[in-house]
Amino acid sequence: MYMFKYVLKRLGLMLMTFAVIMLVCFTLIKLLPIVVNAGAGEDANITWLKLEARGYVCNFRYDEAGNIIGADRVPIMTQLFYYLKNIFLYGDFGMGVSLPEYRNQPVWDVFAEKLPPTVLINIYSTIIGVPIGLGLGIIAALKKNTWIDQLINIIIILLISLPSIVLALIIQYYFCYKLDWFPLMMDSGFAYFNWSMFKSMLPAVFALCLGSIAGYARYTRAELSEVLTSEFMLLARTKGLTRGQATFRHAMRNSMVVIFPSILSEFIAVLSGSLVIEKMFSIPGVGRLYLDSINAQDYDFFMLLSGFYCLVGLLAGIVVDISYGFIDPRIRMGAK
Amino acid sequence: MKNRWKRLASIAVGCVMASTVAFGFVGCGDKKPDGGDNSGDNTTYVAKKGTYRTFTSVMPSNWNLMTYEDNNDTQITDYINSDLFTYDYEFDAAKGGKFKADGSINVDAIVDGGFVTQYSAVSALEDVTNTVDAKWKYTPDQKKEGGYAWKITFRDDLKWDDGTVINADSFVYSMKEQLNPDFLNFRANTYYQTLMVKNARNYFYKNTDATYETVGSLGYESNQAAIDDGKDILLDVYTFYGAKGYVDAEGNPVAQWVSYKDTTEYNAPEVWELYETYDTVDKQEDFLIEEGCVFVTGIDDGKGGTYDAWTNGKDPTDKEYKVLGKTVEEAFAVYIGDDLFSGEMLWEFFFAPGAPMGYDEYVEVGQPYETWLGIRVENNGDRTVNFEDVGFYKAGENSVVICMDKSYQFLKKDGSLSYLAAYYMSSLPLVKEDLYERCKQEPTAGSTLWTTNYNTSKDTTASWGPYKLTQFQGGKSYTLERNENWYGYNMEENKNQYNVTKITCECIPEDETQWLSFLKGEIDDIGLDTDHIADYMYSKYATFTSTTGTYAMQLYSNLPVLKNNGRNNGILAIQEFRKAFSLSLNRDDVVEKIWPGTAIANYGALNSLYYYDIENGKTYRDSVQAKKALLRVYGFTENADGTWSNGANISNYSLEDAYEAMNGFNPELAKELLKEAYNKLEANPEYYGYDSSKDIVLIYGTQVDNPKQRQRAEYLQNILNTLAKDTPLEGKFKVEFNGNVGAKWGDAFKAGAYEIGFGFGFTGNALNPFDMISAFVDDSDNLNYHKYWKTSSETKTFTMPEGDYAESGKTLTMTLKNWFDCLNGYAELNGDEYTYNWDAGKVADDIRLEVLAMLEETALEQYYSVMLIAEYNGALLSPKFSYITYDYNLFMGYGGMRYFQVNYTDSEWTSYVSGQGGNLENEYKKAN
């Protein structure tokens with residue numbers, strides 16, 4: 001019951017936080033100055049009038065030649081009212097306006113189309129990275145100060161030191177180009193669950209998960225090394241548990257209090273997409289979308305993506321907090 | 001703004017031409033469009049077919065011709081639409097014409113640099129200016145001139161890719177939607193700014209602004225009748241009086257239209273200020289004397305008598321001698337250019353019945369200058385401009401008539417097509433009606449704008465071009481395949497062409513991935529950048545092509561901003577310094593160090609790819625006028641015998657030799673100029689905001705921070721160090737790098753956020769150098785990096801060359817902008833003070849070249865733009881394909897997709913790449 005109330009309370013707070021963040025985002029992006037530039041052969045007045053017709057600006061100012069040179073901003077709260085009305089009454093998150101690759105396209109459709117590759121690569125990266133990382137960490141901890149531990153440490157240091165872009169370059173050049181084990185780019189199409197598509201995702205998955213593997217291994221080694229020297233582990237062994245039983249049933253569970261949140265936060269971080277990795281392997285994901293939407297001042301894209309990432313971040317916080325209770329029975333959220 | 005669309009049209013032509021190299025298509029033509037044999041008939045030659053695989057860094061999103069906003073979208077629009085008129089190679093009939101006996105293309109017959117303009121989707125074009133309905137109100141002069149109204153007859157076999165017939169109704173519907181005021185489609189201005197279709201603008205903007213209609217168009221017989229009816233007649237004071245920029249006594253700007261009853265007085269702002277400063281007769285007299293004006297007695301009045309008056313102090317034999325007035329007030333007013341007016345004054349003096357100046361009859365209903373008067377018609381909902389009032393209507397099952405406000409000579413005198421037909425009217429809007437209707441999106445809450453997602457995905461796309469869209473994934477890839485319903489495949493002229501059956505395009509934003517993909521044989525073309533040029537410069541698969549890209553070092557020189565930027569760099573406002581900087585740059589070294597293999601040195605404002613005589617292939621840069629202008633800019637003088645010397649190592653060279661020897665590099669003179677600049681700086685430190693105890697900091701700004709850009713900043717630092725060595729400014733210059741000026745780097749430069757823009761310039765508009773010079777001399781042009789240089793007020797005096805035209809031999813003084821407008825026929829439209837029209841066809845090319853060269857010289861002598869390089873594109877094409885000819889043609893490029901020769905079918909190519917070990921790097925490095 002305590003847990004239930006706690007979760008409800010957290011959800012309520014989360015919604016409040018979400019609303020405040022979104023309000024701030026909406027206000028800030030709308031406060032950016034509107035710059036309309038016409039290229040050769042273009043009529044800037046059309047762009048201004050479209051902004052007016054979309055309900056963004058009003059009261060034009062003209063120069064002597066009749067060109068629109070400025071306008072007043074429609075009150076932000078008025079714009080917010082219509083924005084929310086469109087979402088809640090019609091499920092309409094708006095249209096792409098200024099983002100070059102997505103003009104005149106519903107932002108929700110674009111987002112929904114681009115999210116799966118990012119999520120899949122993230123999941124594959126986690127599925128591959130977590131066991132390898134934990135495994136290496138466990139071996140290093142169990143073989144602490146042996147040559148195996150040293151070797152793993154060297155690998156960890158190497159992988160941590162190299163930025164993902166360098167790893168991606170190495171993978172792409174050697175495994176995709178020289179050895180031809182994988183395609184250079186992700187396959188086209190929406191059939192994500194076939195061997196060809198999976199294979200085409202692997203270079204990006206490796207580029208993403210190698211750094212994570214090092215991180216998981218480092219955390220696991222450090223935590224497990226500490227736990228393995230705890231007195232309760234000695235007690236467990238003296239009770240007759242084998243080393244393996246004691247390690248996996250007791251030491252690992254204790255270590256996970258620190259490791260699990262790091263896995264979750266890594267997952268969320270990668271969920272936002274990697275600009276570099278997506279560019280390099282031509283992955284049609286959301287990586288570039290957020291940054292591009294700010295640069296292009298595409299309000300609807302920015303708001304949808306802000307909302308999504310904000311929500312994911314807030315939910316993750318709750319999930320991580322709750323997960324402590326499952327990992328370590330001594331932790332009970334909300335208990336007095 | 002007016003006519004700037006012409007540029008886009010030419011840029012579009014440029015894009016088509018460019019795209020022929022990378023992935024473009026040019027439509028096909030046929031002199032007998034209703035006939036034609038299937039390409040397989042009567043031939044023995046069977047060309048290989050294959051898939052062309054290309055890439056893009058940014059995916060297209062909106063390939064709707066009505067709404068597309070950037071060149072990425074034209075990747076698809078070029079393929080799925082047809083040209084109304086198109087260009088083709090000129091084939092020498094004496095060498096057998098276009099086809100060999102076996103049906104293959106007769107490459108040997110291609111005329112170097114030649115081209116022909118052909119009908120494509122249009123089968124006939126007729127000038128109907130004389131015969132269109134009187135409602136279009138063409139004057140007798142316009143009817144005599146012709147070219148205003150054209151009847152366009154389309155082929156009768158035009159179809160959409162699903163077989164739906166396209167006819168005149170389709171085009172009329174599409175034009176109506178293009179101009180639909182509810183949608184505000186982005187490309188509507190093509191039809192009111194470029195082609196100037198009658199009433200197109202009024203219809204398009206009918207929901208938004210008021211218009212000023214002529215008195216006659218509202219049904220009044222005379223101006224007085226309108227006044228009697230209570231209408232307020234307004235005067236276009238911009239056009240008639242040149243009052244643009246004038247203000248009232250409180251500084252409020254005058255509107256373009258002023259009521260005939262309005263008593264508010266307007267004048268030039270500086271005149272108001274002078275009156276405020278010199279507010280008594282004594283002060284005005286002192287002013288006149290200070291300015292060198294003198295009171296002269298006994299001036300000959302030309303009628304045998306004399307009078308006393310103020311003059312400007314010049315000798316009576318001097319061309320600039322001017323009598324100012326008999327009284328101090330009068331002389332003061334004339335001297336300062338007093339131009340006071342009010343609407344009421346103008347009306348009473350010029351336009352009222354019986355006005356002293358007698359202009360009333362010229363502005364009466366139906367008279368030539370009736371447009372100077374107007375009646376404001378509010379667009380408040382009760383006013384309707386119907387599409388029937390727009391100059392585009394159906395004239396038959398397969399024909400339409402387009403009525404324009406400007407004359408276009410689409411046909412030559414012999415009745416054949418002029419290049420202008422394909423230049424200005426390569427396309428008209430065309431959408432598939434049922435699909436377009438389905439794609440319309442109603443305005444959402446808070447908005448009044450209708451939108452459409454037509455041509456944004458595979459399902460919303462219809463094609464009537466040589467290819468159709470068969471796959472599209474946003475941000476990833478698209479595929480185009482042959483559209484078997486395209487009329488062009490049945491045309492005799494197209495047989496054994498379009499051998500590419502499918503085009504796949506992958507979005508590959510990362511440069512390195514593009515290269516690896518190309519080297520693996522997965523894509524068929526790639527541009528050579530500075531990272532790879534050294535390895536592939538001599539590849540037998542490489543082609544190098546000059547482009548119109550003309551780039552400069554832009555030096556921000558607006559003193560008021562420089563003085564306040566805290567960087568102590570007011571020296572940039574001194575012309576001698578900028579010139580010294582220019583003379584310190586060895587362009588050949590710049591090319592070698594900064595743009596190896598991708599550029600050549602360039603000294604002119606326009607590079608050598610700008611054509612002024614299209615039909616005869618003559619470029620501006622090769623003209624005598626252009627060469628002389630450049631020689632003068634770079635320190636040469638013409639001797640009495642017509643030879644040229646530069647006062648240093650070159651004496652008495654012929655024009656050609658001197659031009660050949662010119663390199664714009666003169667470090668000795670540069671040092672002298674720097675010293676002169678320093679002296680000015682020292683003499684007026686406050687004026688230039690100069691603090692001799694501080695360094696002079698120049699910010700080198702770029703959008704991205706990378707080693708190449710930092711190397712350029714370092715390069716410029718070295719140049720300035722060398723320039724300043726052994727001068728009082730030695731060690732004072734510091735070039736600071738800012739790699740974070742943002743995506744709007746151009747705007748940041750124009751605002752003075754940084755001082756050096758290196759490699760900034762423009763490209764496009766190869767067929768109109770006269771218009772392109774606006775990037776330098778039109779302070780309202782978006783391509784102009786130095787808008788603070790007020791060319792709309794800076795005057796230039798120039799003696800017009802002799803010739804068969806009204807201004808022959810006259811010495812004229814106008815603002816640079818006015819010169820530019822006259823050169824392009826914009827002066828009257830833009831309401832300039834002088835409205836000479838030296839547009840193409842109005843005066844001889846030689847006259848126009850003289851004026852253009854004068855404008856170029858004037859602009860370059862400012863050294864705001866220090867010209868550096870002309871772009872030189874290198875590209876590799878995979879062995880799977882070859883061009884039909886490797887001689888670049890202005891209109892055809894290398895023949896584009898239409899003429900691609902397929903050397904390996906898809907399966908053969910797979911085998912070929914496998915045979916190379918899956919890596920073509922060594923193959924691509926092979927020289928001829």
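These points cover a predicted model, going from chain B as a whole to its contact with chain A and then to local packing.

1. Overall build of chain B. Chain B holds 32 helices and 36 strands. Its radius of gyration is 31 Å, against 30 Å from the globule rule for 928 residues, so chain B is as compact as a globular protein of that length. Along the principal axes, the C-alpha atoms of chain B fill a box of roughly 95 × 80 × 65 Å.

2. The contact between the chains. Chain B contributes 54 residues and chain A contributes 45 residues. On the chain B side, five elements each supply at least two residues: helix H1 (4-22), helix H5 (189-194), strand S18 (451-452), strand S21 (500-507) and helix H15 (511-519). H1(B) gives the most, with five residues. By class, this side of chain B has 25 polar, 18 nonpolar and 11 charged residues.

3. A helix pair in chain A. Helix H1 (residues 2-31) and helix H12 (residues 299-327) of chain A have axes that come within 10 Å and cross at roughly 155 degrees. An angle over 145 degrees counts as roughly antiparallel, and that is why H1(A) is described as roughly antiparallel to H12(A). The crossing of H1(A) with H12(A) is right-handed.

4. Residues in that helix contact. H1(A) contributes residues including Met3(A), Val7(A), Met14(A), Phe18(A), Ile21(A), Phe26(A) and Ile29(A). From H12(A) come, among them, Tyr299(A), Phe302(A), Met303(A), Leu311(A), Leu314(A), Ile318(A) and Ile322(A). The contact also includes Arg10(A) and Lys30(A) of H1(A), and Gly307(A) and Gly325(A) of H12(A). Across both helices, the contact residues divide into 17 nonpolar, four polar and two charged.

5. A small-sheet check in chain B. Three strands form an open sheet in the order S11-S12-S13, with antiparallel pairing. Strand S11 (294-300) and strand S13 (323-325) of chain B stand at the edges with a single partner strand each, so one side of each has no neighbour in the sheet. Neighbouring strands of this sheet are turned by 60 degrees against each other on average, direction ignored.

6. The S12 to S13 pairing, and the helix across it. Strand S12 (residues 306-311) of chain B is joined to S13(B) by two bridges, and the two run antiparallel. Thr311(B) stands opposite Val323(B) of S13(B). Helix H11 (residues 328-335) of chain B lies across S12 and S13 of chain B. H11(B) runs at about 125 degrees to S13(B).

Note on methods: Residues are numbered from 1 along each chain as its sequence is written. Chains are lettered from A and ligands numbered from 1 in the order in which they are written. This is a predicted model: local features need pLDDT of at least 70, side-chain atom pairs count only at pLDDT 80 or more; totals for chains, interfaces and linings use all residues. Axes are lines fitted to C-alpha atoms, for helices over the stretch in contact, and angles run from 0 to 180 degrees between N-to-C directions. Helices (H or I, at least four residues) and strands (E, at least two) are DSSP runs, numbered from the N terminus. Angles under 35 degrees count as roughly parallel, over 145 as roughly antiparallel, 65 to 115 as roughly perpendicular and the rest as oblique. A crossing is left-handed if the near helix is turned anticlockwise from the far one by less than a right angle, and right-handed if clockwise. Two residues are in contact if their C-beta atoms, placed from the backbone, lie within 7 Å. Ala, Val, Leu, Ile, Met, Phe, Trp, Tyr, Cys and Pro count as nonpolar, Asp, Glu, Lys and Arg as charged, and the others, Gly among them, as polar. Two strands pair if DSSP finds at least two bridges between them. The radius of gyration is taken over C-alpha atoms; the globule rule is 2.2 Å times the number of residues to the power 0.38.
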